[in-house]
Amino acid sequence: MRSTATITDVANAAKVARSTVSRVFSQPSRFRPETVTRVQVAAANLGYAPNPLAKALSTGTAAAIGIVVPDIGNPFFPPIIHTAGLCATRFEIAVLIADTEETASREASAMEKLATRTDGIILVSSRQSNAAVLQFASRVPVVLINRDIPGIPRVLISTKVGMTQAVEHLAGLGHTHIAYVAGPRRSWSNQERINAVLEACGRLHLDLTTLKATNPTYEDGMQVAGVLLGSRATAVIAFDDLVAQGIMAGLAAMGTPVPKDMSVIGCDNLVASRTYPPLTSIDSRASEAGTLAVELLLQHADKDTRIVTESDLVVRSTTVKPRRT
């Protein structure tokens, strides 16, 4: 039977941070011997098992975890998968990946199939209902990335600060009417981002137009460009860099130069430095989430564990003073 002691219990007993406990078991050489001993003694006294997959590793069973993402072609997800894979490799654990094509039913099917082949699942930006995810997590170890469901360990890649900075940056340039191009309806990230934009626009007395891209893709960003021009906004904040790239391409096709006639801001800062012109974007530090999620899964983290990352606006060449106000 698995110990009920958690990493938090060990951290409190050893008087160290949770992250120290995690790394003492995975990379003990990074710490002083007395710190390693203190953590190990605390863990032994509590009966804490740092790796819930240890049994699988010792018996030669699955020793694998699954990672489920909505769209592996979206630049947001590969860095998460990459860092998760590196972390899992340190424990000699294989990683199986499923792409659900932004579809809740395919996500549910993929999770059921992975449940028979893995010892736990990292579910990224789930498109299913809370009830469906909770039901699955009652049977299979799950860690969420970018879905805030109480009762399941989760890592939230917060862009609230960066989104607020983006609105303040545009207001400082003189923009009085901005647009936000939204992401998927069930996306936790989208809800957090639009709430941050709404709050900042209200506080700064800016007009806001909210537009919807059908999916967070380059093609849908292109398609929304015409609607954006019709809104009379002089600046736009896109759900992510991919949508922002599509918006810039759509505007260029209609003879509307960026940033001369429209300022554009993306989010996640994953491809922003390689666009032309270089895209002002919010750095979400998304890649950190992969490592954190694997560590939570391997540590059998408390169900109420909730880790929130930070973000910052990176100003490049796609935001200038408006031609009209």
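**View 1. The open sheet of six strands in this predicted model.** Six strands, paired in parallel, make up an open sheet in the order β2-β1-β3-β4-β5-β11, where strands are DSSP runs of E with at least two residues, helices are runs of H or I with at least four residues, and both are numbered from the N terminus. Two strands count as paired if DSSP finds at least two bridges between them. The edge strands, each pairing on one side only, are β2 (94-99) and β11 (306-308). On average, neighbouring strands of this sheet are turned by 15° against each other, direction ignored.

**View 2. Strand β1 beside β2, with helix α5 on the sheet.** Strand β1 (residues 64-69) runs parallel to β2 and is joined to it by six bridges, and V68 stands opposite A98 in β2. Helix α5 (residues 77-90) packs on the sheet and touches β1, β2, β3 (121-124) and β4 (142-145), contact meaning heavy atoms within 4.5 Å. The direction of α5 makes about 175° with that of β1; angles run from 0 to 180 degrees between N-to-C directions, and axes are lines fitted to C-alpha atoms, for helices over the stretch in contact.

**View 3. The packing of helix α1 with helix α3.** Helix α1 (residues 7-14) and helix α3 (residues 33-46) pack at an angle of about 125°, with their axes 9 Å apart. In α1, D9, V10, A13 and A14 meet R38, V39, A42, A43 and L46 of α3.

**Notes.** Residues are numbered from 1 along each chain as its sequence is written, and side-chain values use heavy atoms, leaving out hydrogens and water. In this predicted model, local features need pLDDT of at least 70 and side-chain atom pairs count only at pLDDT 80 or more, while totals for chains, interfaces and linings use all residues.
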